[in-house]
Amino acid sequence: MMNPFIMPRSLITLRQSTSLRSKTGVSLFNVIQNIKFPSTITYKKPLILHDFVRHNSSGKWLNRQNSDQYTSQAKALKLRSRAAFKLLEIDDKFKLFSKKYPQNVLDLGFAPGAWSQVARGRSHKDSIILGVDILPCKPPRGVNAMQANILSRKTHKLIRFFFSRKVELNRHDDLHEEHGYFEHFQEESQLESQNNTALTENIVQQPIDLIMSDMLANTSGIATKDHYSSLDLCDAALIAACDLLKPGGNFICKFYTGKEDTLLEKKFKKVFHKVLRYKPQACRDESKETYMIGMRKRQNVDKVDVFSQ
Ligand SMILES: C[S@@+](CC[C@H](N)C(=O)[O-])C[C@H]1O[C@@H](n2cnc3c(N)ncnc32)[C@H](O)[C@@H]1O
């Protein structure tokens, strides 16, 4: 009989860039060039004890041990947090990354950066990954980052501009320091409306292949409150999906379960052909977090319709 505590060795490839050049060296964006991917890391999947936990009186202790194993494996592999294993599981199941062609990936709530590391390692070497977080965080190698609030409309515009490669977002860092980076963005918008013929024609309207949102507001411990603040973040991420995701693109979105789950699912169904809920084993059993996966974005999504009940 197979020993339940010995998992077969599972291999993933994590590739690390060895060359990174930030155009300004300032924290807002790191523009990565000449990325090389030489190394392969093999890791042993953490032991999965969940089945055992359910039938054992010392379940809590075992569950904690289980969590610790994810944490220590993450440390050993230089992954920035145990959250990496959640995305690895999600990708094992839904195959969202591809090594065959470059993808544009948006990682919402990317700090401290474990999901971005996984995205970098599991996608094509020419994939572009942008992490957005309200907190300042130096992105992992091969990943671009923006410190911004996803609940702001301007952040959505800035993300579009980043991917459309219309502007070099980093070049006015003095301006950024003095006035905030949106000044720069407004300047570009004005310029665009003045010359809106050639300029706007080239804007990529829906440039992103995959949006991942692992965003989480500070939890209060009050289940209903946490549920609703989580849904606000989901809505903001879903708006980004409506606006920026290519038809056929995919979406991973964390949410705290509660009584409005069905409403969230309904919205997802208006945007995606296939919608599934999935709770990776790496999530703590006691946690209310789970993930909604939207597969294959529909053509011509009507945002107003998505958000009207
Ligand atoms: C659970 S952590 C994400 C972990 C990350 N996926 C990783 O693998 O390292 C949730 C993140 O969401 C970010 N967040 C919360 N509210 C946000 C908002 N309004 N805009 C952008 N990021 C937000 C938090 O700052 C936090 O870093």
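# Close-up views of a predicted protein model

**View 1. The whole chain, before the close-ups begin.** The protein chain has 11 helices and 7 strands, and the model shown here is a predicted one. The chain is made up of 309 residues, of which 48% count as buried. About 15,800 Å² of the protein chain is exposed, and carbon and sulfur atoms supply 50% of that area. When contacts in the protein chain with a separation of 6 or more are considered, 68% of them are accounted for by residues that lie 24 or more positions apart.

**View 2. Helix 3 and helix 4 cross at roughly 40°.** Helix 3 covers residues 83-94 and helix 4 covers residues 114-122, and the axes of these two helices come within 8 Å. Angles from 35 to 65 degrees fall in the oblique class, and helix 3 and helix 4 are therefore oblique to each other. The crossing of helix 3 and helix 4 is right-handed. On the helix 3 side, the residues that take part are Ala83, Ala84, Lys86, Leu87, Leu88, Ile90, Asp91 and Asp92, and they meet Ala114, Trp115, Val118 and Arg122 of helix 4. Sorted by class, the contact of helix 3 with helix 4 has 8 nonpolar and 4 charged residues, with no polar ones.

**View 3. Gly121 is a buried residue of helix 4.** Gly121 is found in helix 4, and with a relative accessibility of 1% this glycine counts as buried, because buried means under 20%. Another residue to look for in this view is Lys99, which is 22 residues away from Gly121 along the chain, while the C-alpha atoms of Gly121 and Lys99 are separated by 9.3 Å.

**View 4. Pro112 follows a cis peptide bond.** The peptide bond that runs from Ala111 to Pro112 is cis, and its omega angle is near 5°. Pro112 has its place in the loop between strand 1, residues 104-108, and helix 4. Asp133 is 21 residues from Pro112 in sequence, and in space the two are 9.1 Å apart, from C-alpha to C-alpha.

**View 5. Asp133 lies in strand 2.** Strand 2 covers residues 128-133, and Asp133 has its place there. The relative accessible area of Asp133 is 9%, and Asp133 is therefore buried, as the value is under 20%. If the neighbours within four places in sequence are left aside, Asp133 is in contact with Gly109, Phe110 and Ala111, and also with Met146, Gln147 and Ala148.

**View 6. Helix 9 and helix 10 pack at an angle of about 5°.** Helix 9 covers residues 223-244 and helix 10 covers residues 261-271, and their axes are 11 Å apart. Angles under 35 degrees count as roughly parallel, and helix 9 and helix 10 are therefore roughly parallel to each other. Helix 9 contributes His227, Leu231, Cys234, Asp235, Leu238 and Cys242 to the contact, while helix 10 contributes Asp261, Leu264, Lys267, Phe268 and Val271. The residues of the contact of helix 9 with helix 10 divide into 7 nonpolar, 1 polar and 3 charged.

**View 7. Helix 5 packs with helix 9 at an angle of about 40°.** Helix 5 covers residues 153-164, and the axes of helix 5 and helix 9 are 11 Å apart. Helix 5 and helix 9 are therefore oblique to each other, and their crossing is right-handed. The contact is made by His156, Ile159 and Arg160 of helix 5 together with Ala236, Ile239, Ala240, Asp243 and Leu244 of helix 9. By class, the residues of the contact of helix 5 with helix 9 are 5 nonpolar, 1 polar and 2 charged.

**View 8. Lys95 and Asn300 have positive phi values.** Lys95 is found in the loop between helix 3 and strand 1, and its phi is near 50°, which is a positive value in a residue other than glycine. The relative accessible area of Lys95 is 59%, and Lys95 is therefore exposed, as the value is over 50%. Asn300 is found in the loop between strand 7, residues 289-297, and helix 11, residues 303-307. Phi of Asn300 is near 45°, again a positive value in a residue other than glycine. At 74% relative accessibility, Asn300 counts as exposed.

Key
Residues numbered from 1 in each chain as written. Predicted model: local features only at pLDDT ≥ 70, side-chain atom pairs only at ≥ 80, totals over all residues. Heavy atoms only, no water. Helix = DSSP H or I, 4+ residues; strand = E, 2+ residues; numbered from the N terminus. Buried < 20%, exposed > 50% of the residue type's maximum accessible area, 1.4 Å probe, protein only. Contact = heavy atoms within 4.5 Å. Areas by Shrake-Rupley, 256 points an atom, 1.4 Å probe, with all protein chains shown as cover. Axes fitted to C-alpha atoms, helices over the stretch in contact; angles between N-to-C directions. Parallel < 35°, antiparallel > 145°, perpendicular 65-115°, else oblique. Left-handed = near helix turned anticlockwise from the far one by under 90°. Nonpolar A, V, L, I, M, F, W, Y, C, P; charged D, E, K, R; others polar.
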